[in-house]
Structure formats: structure tokens, C-alpha cells
Amino acid sequence: MNHFRIRIGRWSYLILSISFALCTLIQIYLAGMAIFIHPSNWIKHSQFGHLFLTIFPILMLIVAIIGSFPRWAYWQTLGLFGMVFLMYFTANISFVIPLASPMHPVFAFFLLFFASSSAIKAWRIIQGETQ
């Protein structure tokens, strides 16, 4: 039973990390739509981020614990959560610290990189247990 729990947790982590990376990519695309097509697309960018990007790191941390992942997964997932916070911070602090706002898209690419990295590492762990 314990092995089944770990397996479910690991597959769930993989699915969530891939989904998080894809949602981050969609979020970057929506920002591009707002910049290059029409500013009315900012609402899509904003709402999508509120709906999806905040919940993924929390769920990933829970399933990392269920899946008995190595410590890197906990730290990397907490790092993703921290970067999501930095995204909110840099999007809303422009009136106080204008130089922080340009970091917003930089953090988006960090999110994409680390979510993809989490997925690759999770895949390697899953492959290691099936061989």
C-alpha cells in the first residue's frame, strides 16, 4: 500500500509540474497578446495567473510529501511558490519601486525553467523506479 501511495504521489507531482510549466507558458503568451495585439488582453493574463499559478506550487508540495520525493523537490517547490509571490510583488510595486517591475517577465522565465526542471527530475525518478 505504501508503494502505491508513493507511486501516485510521484505521478501526480510529474503531472502538476508539467501543467505548471504549460500554464506559465500560456501566461507568457497572454502577456504577449496584451502587448502586441490589444491591451484588453491584460485581464486574461491577470485572471489566468490568479486562477492557476498560485495553486500549483501548494499542490506540488503536498504530492511531493505523499510521493516521498528527495529534499530537492520540497525546496524547488517552495522556490516556485516564492517566485509566484515575486511575480505578484513586481506586478504591483511599480508605483513604489519602478525598477522592480521589469523583473516581472524575468521571473516568469525562471518559473518556466524551474517548473520544467521539476518535471524532468520527477520523470527521471519515476523511470528509475520502473527499471
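Where is the place of Ala34? The legends below get to that and to several other close-ups of this predicted model.

**View 1. Ala34 and its neighbour in space, Lys44.** Ala34 has its place in helix 1. With a relative accessibility of 4%, Ala34 counts as buried, because buried here means under 20%. Lys44 comes 10 residues away along the chain, and the C-alpha atoms of Ala34 and Lys44 are separated by 8.7 Å.

**View 2. The whole protein, for orientation before zooming in.** Five helices and zero strands make up the secondary structure, so the pattern read along the sequence is α-α-α-α-α. Along the principal axes, the C-alpha atoms fill a box of roughly 50 × 30 × 20 Å. The protein has 131 residues, and 40% of them count as buried.

**View 3. Helix 3 and its buried side.** Helix 3 runs over residues 55-66, 12 residues in total. From first C-alpha to last, helix 3 reaches 17 Å, close to the 16 Å expected at 1.5 Å a residue. Which residues are buried in helix 3? They are Phe56, Pro57, Met60, Val63 and Ala64. These residues cover an arc of only 130 degrees around the axis, which means that they sit on the same side of helix 3.

**View 4. Ser68, a residue with positive phi.** Keep following the chain and you meet Ser68 just after helix 3. Ser68 is found in the loop between helix 3 and helix 4. Its phi is positive, about 50 degrees, although Ser68 is not a glycine. The relative accessibility of Ser68 is 32%, so this residue counts as partly exposed.

**View 5. Helix 4 along its length.** Helix 4 covers residues 71-92. Its 22 residues reach 32 Å from the first C-alpha to the last, close to the 32 Å expected at 1.5 Å a residue. The buried residues of helix 4 include Ala73, Tyr74, Gln76 and Thr77. Also among them are Leu80, Met83, Val84, Met87 and Thr90.

**View 6. Tyr13 meets Trp72.** A search of the whole structure finds 10 aromatic pairs. One of interest here joins Tyr13 and Trp72: the ring centres are 6.4 Å apart and the planes stand at 80 degrees, so the pair is edge-to-face. Tyr13 belongs to helix 1 (residues 2-36) and Trp72 to helix 4, so the contact ties together parts that are 59 residues apart in sequence. Are the two partners buried or exposed? Tyr13 counts as buried, at 0% relative accessibility, while Trp72 is partly exposed, with a relative accessible area of 23%.

**View 7. Phenylalanines in a cluster.** Phe113 and Phe114 form an aromatic pair that is edge-to-face, at 5.1 Å centre to centre and with 80 degrees between the planes. Phe113 is exposed, with a relative accessible area of 53%. Phe114 is partly exposed, with a relative accessible area of 28%. Together with Phe107 and Phe110, Phe113 and Phe114 form one aromatic cluster.

**View 8. Charges over rings.** Which ring does the charged end of Arg10 sit over? That ring belongs to Phe69, and the distance to its centre is 5.6 Å. Trp72, met above in its pair with Tyr13, takes part in a similar arrangement: Lys121 lies over the face of Trp72, at 5.0 Å from the ring centre.

**View 9. The largest pocket.** The largest pocket has a volume of about 250 Å³. It is lined by 14 residues, of which Gln27, Gly49, Met87, Tyr88 and His104 are the closest to its centre. Helix 2 (42-53), helix 4 and helix 5 (103-130) each supply at least two residues of the lining. Met87 may look familiar, as it is also among the buried residues of helix 4.

**View 10. Ser117 and Ser17 side by side in the figure.** Ser117 has its place in helix 5. This serine counts as buried, at 16% relative accessibility. Ser117 and Ser17 are 100 residues apart in sequence, and their C-alpha atoms are 8.6 Å apart in space.

Conventions: Residues are numbered from 1 along each chain as its sequence is written. This is a predicted model: local features need pLDDT of at least 70, side-chain atom pairs count only at pLDDT 80 or more; totals for chains, interfaces and linings use all residues. Side-chain values use heavy atoms; hydrogens and water are left out. Helices (H or I, at least four residues) and strands (E, at least two) are DSSP runs, numbered from the N terminus. The expected span of a helix is 1.5 Å times one less than its number of residues. Buried means under 20% relative accessible area, exposed over 50%, partly exposed in between (1.4 Å probe, protein chains only). The arc is that of the directions from the helix axis to the C-beta atoms. Rings of Phe, Tyr and Trp (its six-membered ring) pair if their centres lie within 6.5 Å; planes under 30 degrees apart count as stacked, over 60 as edge-to-face and the rest as tilted. A charge sits over a ring if NZ of Lys or CZ of Arg is within 6 Å of the ring centre and within 35 degrees of the ring normal. On a 1 Å grid over the protein atoms alone, a cavity is a set of points where a 1.4 Å probe fits but cannot get out, and a pocket is an open set with protein on both sides within 12 Å along at least five of seven lines; lining residues have an atom within 4 Å of a point. Grid points are joined across faces, edges and corners, and a volume is the space filled by probe spheres set on the points.
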